[in-house]
Amino acid sequence: MSQKSDLEGHGLAFADDATRHLATPSDAAGSGAVTLRATNSQTSGPGTLVSALREAEWLTADRVTAFTRVFLLLFIGCIAIIPWAAPTMDVGPDFAAFWTAAKLALEGRAGDAYGDAGRAAVAALFGQKTYAPFFYPPTSLLFWLPFALVSFATAAVIWIVATGAAYAAAVRALLKGESVVPILAFPGVWVCALFGQNSLFSAALLGGSAVTLDRYPVIAGMLLGCFSYKPQVALLAPLVLILTRRWRALAAAAATTLVLVVAATACFGIEPWIKFIAVLPEASAWSLGGEPGFEKFASPYAAIRLAGGSSNTAWLVQVAATAVAISVLILVLRKRPGGAAEIALMVAATALCVPSLGSYEVVILAIPGAWLIAQALAHGWLPYERIALAALYMTPFAMVPAGANGQQLAPIAAAALMALVVRRIRQQAIFDASAEIANH
């Protein structure tokens, strides 16, 4: 295309100019780009369908631009009419737990956040219903404490806007400055926003660490250390940093975690830690028991339970998926493919390893998706990559009707995304080796 689209290069910007990404063999030899052949225009029948899916050249920039803009406007419109169309719908119920816990901490009652007082505070906002126990570590209160200074509604808006902006900035940095429209139109963003959840914040931390791990390992480590607020999302970070011998980042992550733990203890005392530990069994029973519904979780464990499987079967599948994901992680990362690649693979693997992963957590998969797009723009598209990313982009939207019919798509999406990341890493390693041989 002669005119650059404001969408080009984004996670759904697999629809850029074909001439930019289709390299001739001679071009590929000189630049290390992936060579993608143009399809035969005279192919018919099944061959036409295969070609359409393999190269997906019909996903033009103009079509994708129009689609994501309309998608974003529809989302905004749906949110805007909630007070009239669905006046009883609770928006931001999860943030209510964060805000009330911080409010209690501000009053010097941080320990009460983990008991009936915390639930009563949430019930005062949304009515007498069954609420999950507050089961975030006291370090999380340090992040939410400033929001307790303003009203709940004001705090919720600030939280969603601020974390959304941080998420968009991180993904945009991975994509080297492309448009934020498709980033914000990603359905996973809106699932997270409606819950008032913290996954946009998690995605921002993961994206920031991916961007900085190579050049600024201490900053990347500090960002990963902030996951002391929600350790399960960075469950694999220590393993990844050890495998790739990123000792400065590992030290920075450990130091940041220690500082946050000490700060939380100094501010709130030891009581919140005691009550936090005491509430963990109840929190585990609530999530793994499917109290809010297994369709609200995105793990292999939840997928089996949602389909009617027993707890033992679900655990067997969860352990198997975790073992495979970690094994792949170890095999691929031994060769240190680069900071962004390492974080991208870690995020995709995490989605398969955490049994209590929430459906709103799917937004973190935008990080490996963005890395794949950035690589495709730099080196060319691999077969079926565009269509796969298009399908993955729509997964959070499709999860709602699928969940209502006993199917959980998130583990399939995470596994597919992990496979795409591994293929891209291996493909790039082949071209790097070829380029090194050619230079000699």
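Trainee: Which residues in H13 meet Arg248, Ala249, Ala252, Ala253, Thr256, Thr257 and Leu260 in H15?

Mentor: This is a predicted model. Helix H13 covers residues 217-225, and helix H15 covers residues 247-268. On the H13 side, the residues that meet H15 are Pro217, Val218, Gly221, Met222, Leu224 and Gly225.

Trainee: By class, how many residues in the contact of H13 with H15 are nonpolar, polar and charged?

Mentor: Gly counts as polar here. Gly221 and Gly225 of H13 take part in the contact. By class, the contact has eight nonpolar, four polar and one charged residues.

Trainee: Are H13 and H15 parallel or oblique to each other?

Mentor: Two packed helices are described by the angle between their axes and the distance between the axes. The axes of H13 and H15 come within 7 Å and cross at roughly 40°. Angles under 35 degrees would count as roughly parallel, and 65 to 115 as roughly perpendicular. H13 and H15 are therefore oblique.

Trainee: Is the crossing of H13 and H15 left-handed or right-handed?

Mentor: The axes cross at roughly 40°. The handedness of the H13 and H15 crossing is right-handed.

Trainee: Is Ser228 buried or exposed?

Mentor: Ser228 sits in the loop between H13 and helix H14 (237-243). Buried means under 20% relative accessible area. Ser228 has 10% relative accessibility, so it counts as buried.

Trainee: Leaving aside neighbours within four places in sequence, which residues is Ser228 in contact with?

Mentor: Thr257 and Leu260 are among the H15 residues that H13 meets. Ser228 touches them too, beyond its neighbours within four places in sequence. The full set is Pro137, Thr139, Thr257 and Leu260.

Trainee: How many aromatic pairs does the structure hold?

Mentor: The structure's count of aromatic pairs is 32.

Trainee: Is the pair of Phe71 and Phe75 stacked or tilted?

Mentor: Both residues lie in helix H4 (residues 61-80), four residues apart, about one turn of the helix. Both are buried. Their ring centres are 4.6 Å apart, with planes at 45°. Planes under 30 degrees apart would be stacked and over 60 edge-to-face, so this pair is tilted.

Trainee: Is the pair of Phe147 and Trp159 tilted or edge-to-face?

Mentor: The ring centres of Phe147 and Trp159 are 5.4 Å apart. Their planes stand at 85°, so the pair is edge-to-face.

Trainee: Where do Phe147 and Trp159 lie?

Mentor: The pair links distant parts of the chain, 12 residues apart. Phe147 is buried at 14% relative accessibility, and Trp159 is buried at 4%. Phe147 lies in the loop between helix H8 (139-144) and helix H9 (152-174), and Trp159 in helix H9.

Notes
Residues numbered from 1 in each chain as written. Predicted model: local features only at pLDDT ≥ 70, side-chain atom pairs only at ≥ 80, totals over all residues. Heavy atoms only, no water. Axes fitted to C-alpha atoms, helices over the stretch in contact; angles between N-to-C directions. Helix = DSSP H or I, 4+ residues; strand = E, 2+ residues; numbered from the N terminus. Parallel < 35°, antiparallel > 145°, perpendicular 65-115°, else oblique. Left-handed = near helix turned anticlockwise from the far one by under 90°. Contact = heavy atoms within 4.5 Å. Buried < 20%, exposed > 50% of the residue type's maximum accessible area, 1.4 Å probe, protein only. Phe/Tyr/Trp six-rings, centres within 6.5 Å; stacked < 30°, edge-to-face > 60°.
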